[in-house]
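Work through the exercises below with the sequence and the structure open beside you. Each task is followed by its solution in steps.

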Amino acid sequence: MVKYKEDYYRLFHVHYQQYPDDVMENIYWLEQSVKADFCNPLYAPCTIENEKDWEKYRYLFMMHINLKLIEQHLRLGRTYDKKTAHFYDAPWKDLYLENLNKTLACYKAGLYYWQEAQLWAEKANVTEFQFRILTDVQYWEDERERIATKDLDYKKILNREISRVEDVIAKFQKMDKDTY
């Protein structure tokens with residue numbers, strides 16, 4: 001029975017071939033994980049010794065889920081992305097514009113999840129948690145640290161991609177029957 005955040009998270013998996021349906025399935029499971037309740041600390045994927053460990057675990061888990069949602073939205077957006085607008089693409093302008101709008105929506109959704117990930121990372125990075133390391137989920141701790149030091153900045157990545165896609169859309173919109 002799938003009931004808790006951790007159960008939904010276990011359904012998330014990266015496929016060898018990333019087809020849009022696979023990515024959308026992952027987004028669905030991750031979003032369900034965000035909505036669900038946490039399981040009992042006994043069944044958490046790491047050792048929980050006390051209430052402070054439990055609190056930090058929950059913050060790290062939510063941060064990690066939001067980071068995975070960003071990655072999945074980037075993957076989905078890349079599926080529909082047309083990196084550049086060439087003059088010979090003019091006959092399919094409407095199709096490319098439709099796909100680029102899907103790409104733009106995916107990248108903009110990623111910005112929301114980045115704000116959420118930063119919020120949870122800040123909560124897990126307060127002074128009382130600085131020397132409390134959950135070694136079983138060390139990679140979550142690493143993600144938190146990379147966010148704190150700004151080595152991981154999805155806002156910069158997403159804004160760069162959004163700007164590029166908007167430029168490609170503008171080039172397509174300027175095309176007319178004489179372009180080709």
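**Exercise 1: Two neighbouring tyrosines**

Tyr112 is partly exposed, as its relative accessible area is 46%. The model is a predicted one.

Task: Decide whether Tyr113 is buried or exposed, and classify its ring pair with Tyr112.

Solution.
- Step 1. Buried means under 20% relative accessible area.
- Step 2. Tyr113 has a relative accessibility of 10%, so this residue counts as buried.
- Step 3. A pair of aromatic rings is described by the distance of the centres and the angle of the planes.
- Step 4. The ring centres of Tyr112 and Tyr113 are 5.3 Å apart, and the planes stand at 70 degrees.
- Step 5. Planes over 60 degrees apart count as edge-to-face, so the pair of Tyr112 and Tyr113 is edge-to-face.

**Exercise 2: The chain as a whole**

Task: State how many helices and strands the chain has, and give the span of its C-alpha trace.

Solution.
- Step 1. The chain contains 6 helices and 0 strands.
- Step 2. In sequence order this gives the pattern α-α-α-α-α-α.
- Step 3. The C-alpha trace spans about 70 × 40 × 25 Å along the principal axes of the chain.
- Step 4. Of the 180 residues in the chain, 44% are buried.
- Step 5. Take the contacts between residues at least 6 apart in sequence: 79% of them join residues at least 24 apart.

**Exercise 3: Helix H3 against helix H5**

Task: Find the angle at which H3 and H5 cross, and sort the residues of their contact.

Solution.
- Step 1. Helix H3 covers residues 51–80 and helix H5 covers residues 138–148.
- Step 2. Their axes come within 10 Å and cross at roughly 75 degrees.
- Step 3. Angles of 65 to 115 degrees count as roughly perpendicular, so H3 is roughly perpendicular to H5.
- Step 4. H3 brings Lys56, Tyr57, Leu60, Phe61, Met63, His64 and Leu67 to the contact, while H5 brings Tyr139, Trp140, Glu141, Glu143, Arg144 and Ile147.
- Step 5. The residues of this contact divide into 8 nonpolar, 1 polar and 4 charged.

**Exercise 4: Aromatic rings around Phe38**

Task: Describe the ring pair of Phe38 and Tyr57, and name the cluster that contains both residues.

Solution.
- Step 1. The whole structure has 18 aromatic pairs.
- Step 2. In the pair of Phe38 and Tyr57, the ring centres are 6.1 Å apart and the planes are at 65 degrees, so this pair is edge-to-face.
- Step 3. Phe38 is in the loop between helix H2 (20–35) and H3, whereas Tyr57 is in helix H3; the pair links distant parts of the chain, 19 residues apart.
- Step 4. Tyr57 has a relative accessible area of 0%, so Tyr57 is buried.
- Step 5. Phe38 and Tyr57 belong to one aromatic cluster with Tyr9, Phe12, Trp54, Phe61, Tyr139 and Trp140.
- Step 6. Lys5 lies over the face of Phe38, 5.1 Å from the ring centre.

**Exercise 5: A residue with a positive phi**

Task: Locate Lys150 and say whether this residue is buried or exposed.

Solution.
- Step 1. Lys150 sits in the loop between H5 and helix H6 (154–174).
- Step 2. Its phi is positive, about 65 degrees, although Lys150 is not a glycine.
- Step 3. Exposed means over 50% relative accessible area; Lys150 has 61%, so Lys150 is exposed.

Key:
Residues are numbered from 1 along each chain as its sequence is written. This is a predicted model: local features need pLDDT of at least 70, side-chain atom pairs count only at pLDDT 80 or more; totals for chains, interfaces and linings use all residues. Side-chain values use heavy atoms; hydrogens and water are left out. Axes are lines fitted to C-alpha atoms, for helices over the stretch in contact, and angles run from 0 to 180 degrees between N-to-C directions. Helices (H or I, at least four residues) and strands (E, at least two) are DSSP runs, numbered from the N terminus. Angles under 35 degrees count as roughly parallel, over 145 as roughly antiparallel, 65 to 115 as roughly perpendicular and the rest as oblique. Contact means heavy atoms within 4.5 Å. Ala, Val, Leu, Ile, Met, Phe, Trp, Tyr, Cys and Pro count as nonpolar, Asp, Glu, Lys and Arg as charged, and the others, Gly among them, as polar. Buried means under 20% relative accessible area, exposed over 50%, partly exposed in between (1.4 Å probe, protein chains only). Rings of Phe, Tyr and Trp (its six-membered ring) pair if their centres lie within 6.5 Å; planes under 30 degrees apart count as stacked, over 60 as edge-to-face and the rest as tilted. A charge sits over a ring if NZ of Lys or CZ of Arg is within 6 Å of the ring centre and within 35 degrees of the ring normal.
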